[in-house]
Amino acid sequence: MSDPLGSQIREALFAAPARPDEPEPQPESGEAPADLPDDLRIDLYRWMRLTRTLDNTMVDMWKQGRGLGGTFSGRGHEGISVPMAMALGPDDVIAPMHRDVGSYLVRGMTPARVFGNLLGRVTGPSEGRDANLHGMGDLSLGIIGYVSHIPQQIPITLGMAMSFRYRGEPRVALTACGDGGTTTGPYHESLNMAALYSAPMVLVVQNNQYAYSTPLDQQMATFAITERAAAYGLTARTEDGNDVEAMFRSIKAAVDRARSGGGPTVIEARTMRMLGHAIHDGAEYVPRELLERWEARDPVDHQRRRLLSEGVSGEAGLAEIDAWARAEINAAVAEAEAAPFPDPGTVSDRIYA
C-alpha cells in the first residue's frame with residue numbers, strides 16, 4: 001500500500017540540508033606558553049609519524065588477510081590522540097578510544113603489544129581475547145580500557161576523577177568521545193556532574209563530522225558543541241584538531257587547570273575521519289570534495305611542513321624519524337606474528353559473572 005504523505009514527511013525530516021561553512025576554531029589564549037620547546041615540537045611529530053605508520057600497516061595487513069579482528073583507522077586523528085597523552089603527567093589516567101592509538105603509544109604501550117592484540121596473540125593486552133583496538137586497557141600505564149559503546153567511558157573517567165578529588169590527589173583523568181557521543185544521555189549527565197563537583201577531568205570531543213554514517217548536520221541543530229558544554233558551567237573551547245601544537249597547548253592548559261582545582265574542561269577538536277567507520281566501511285556516503293579538503297590539512301604533513309619552514313628541523317632529521325618509525329613497526333609486526341595464540345584451555349579465564 002502506497003504512503004505518499006508518509007514519504008513526504010520522511011523526506012522533509014531527513015533530507016540533508018546544504019552543509020554550512022564550519023565556523024573557524026576560536027582557541028583561548030594566555031593559559032599555556034605560545035612557544036613550545038623545539039624538542040617537544042619534534043617529539044609531537046615523532047609520535048604522530050609512529051602512529052600513522054602503525055595505522056597504515058594495520059590497514060595494509062587487513063587488506064592482505066593477515067589480521068583477525070576489526071580494524072578502525074585513526075588516520076587524520078593523530079593531531080589529537082598524541083597530545084592527549086603527551087599533555088598528561090605520569091600519574092594521570094587516560095581513557096582513549098579506538099582511533100587513539102597515539103595515546104596508547106605515548107603512554108608506553110609498545111607497537112608489538114598493539115599488533116599482538118590485533119592478531120589475537122597472547123602478547124596483546126587482552127591476551128588474545130579481543131583481536132581489535134578494543135580491549136587494550138592497562139592500568140599499569142594509566143590507560144583505562146576502551147568501552148566501545150561511546151560515550152560510556154565518560155562516566156567511568158568521571159568516577160576516576162572524583163576518586164582523585166576525594167583522596168586529595170593532584171591527578172587528572174582525561175577521556176574522549178566523538179561528535180555522535182555528545183547527543184547521548186551519559187554525555188550530558190556526566191558533564192552536569194563533573195561541573196557540579198568540579199571534577200579534575202578533561203574531555204576531548206573529536207568532532208570528525210560523522211557518527212558512523214550520520215553527518216553532523218543530521219545529528220544536531222548547531223555546530224557549536226562547546227556552547228552546549230558551557231551551558232553546564234564548564235570551561236569549553238574549540239580547537240583545530242589537525243594542528244597538533246594548538247591541541248597540545250589547549251589540552252595542557254586544561255590539564256593544569258584541572259590539577260590546580262579549576263574544574264573540568266571540554267575541548268572540541270575539529271577534524272575529519274579520513275576512512276570509513278571501520279575498514280569494511282567504504283564510506284561512499286562522504287562527499288569526495290570534503291575528504292579532499294581535509295586531506296590538504298593532514299595533521300602529520302602539516303607538522304612536518306611547519307618544522308621545516310621554521311627551521312626547527314631539516315629534511316635529514318625528519319627522514320631519520322620516518323625511517324625509525326618504519327623500523328619500529330616492521331619489528332613490531334614480526335614480533336607479534338611470531339607470538340603464540342592463547343592456550344584454548346584458558347578461554348574461561350578472566351570471565352566474570
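**Close-ups of a predicted model**

**View 1. Strand β7 and the neighbours it pairs with.** Strand β3 (residues 201–207) runs parallel to β7, and the two pair over 6 bridges. One spot to look for along this pairing is Q206, which stands opposite A269 in β7. Keep in mind that this is a predicted model. Strand β6 also pairs with β7 (residues 265–270) in the parallel sense, again over 6 bridges. Here T235 has T265 of β7 as its bridge partner, and D240 stands opposite R270 in β7.

**View 2. How well covered the strands are.** How many residues of β7 are buried? The count is 6 of 6, so the strand is mostly covered. Its side chains go two ways: T265, I267 and A269 point to one side, V266, E268 and R270 to the other, and all of them are buried. As for strand β6 (residues 235–240), 5 of its 6 residues are buried, so the rest of the structure largely encloses this strand.

**View 3. The crossover from β6 to β7.** Follow the chain through β6, helix α9 (residues 244–259) and β7, and you have traced a β-α-β unit that is right-handed.

**View 4. A tilted tyrosine pair.** The aromatic pair count comes to 1. Its members are Y210 and Y285, with ring centres 5.8 Å apart and planes at 50 degrees; planes under 30 degrees apart would count as stacked and over 60 as edge-to-face, so this pair is tilted. The two rings come from distant parts of the chain, 75 residues apart: Y210 is in strand β4 (residues 210–211), while Y285 is in the loop between β7 and α10 (288–295). Is each ring's residue buried or exposed? Y210 counts as buried, with a relative accessibility of 6%. Y285 comes out at 30%, which makes this residue partly exposed.

**View 5. Helix α10, one face in and one face out.** Which residues of α10 are buried? They are L290, L291 and W294. Looking down the axis of α10, you'd find these buried residues within an arc of 95 degrees, so they line one face of the helix. Over on the other side of α10, E289 and E292 are exposed. The cover over the buried residues of α10 includes β4 and β7.

**View 6. Arginines over tryptophan rings.** W294, one of the buried residues of α10, has R297 lying over its face, 4.4 Å from the ring centre. A second arrangement of this kind involves R46, which lies over the face of W324 at 5.8 Å from the ring centre.

**View 7. Helix α11 and what it packs against.** The buried residues in helix α11 (residues 299–309) are P299, V300, Q303, R304, R306 and L307. Around the axis they cover an arc of only 165 degrees, which puts them on the same side of α11. Those buried residues pack against α2 (38–63), α3 (78–86), α9 and α12 (315–338).

**View 8. A contact across the sequence at A195.** A195 belongs to helix α7 (residues 185–196). P264 is 69 residues away from A195 in sequence, yet their C-alpha atoms are 6.5 Å apart in space. What does A195 touch once its neighbours within four places in sequence are left aside? A195 is in contact with Y232, G233, L234 and P264.

Technical notes. Residues numbered from 1 in each chain as written. Predicted model: local features only at pLDDT ≥ 70, side-chain atom pairs only at ≥ 80, totals over all residues. Heavy atoms only, no water. Buried < 20%, exposed > 50% of the residue type's maximum accessible area, 1.4 Å probe, protein only. Helix = DSSP H or I, 4+ residues; strand = E, 2+ residues; numbered from the N terminus. Pairing = 2+ DSSP bridges. Right-handed = clockwise from strand over helix to strand, strands pointing away. Phe/Tyr/Trp six-rings, centres within 6.5 Å; stacked < 30°, edge-to-face > 60°. Lys NZ or Arg CZ within 6 Å of the ring centre and 35° of its normal. Arc of directions from axis to C-beta. Contact = heavy atoms within 4.5 Å.
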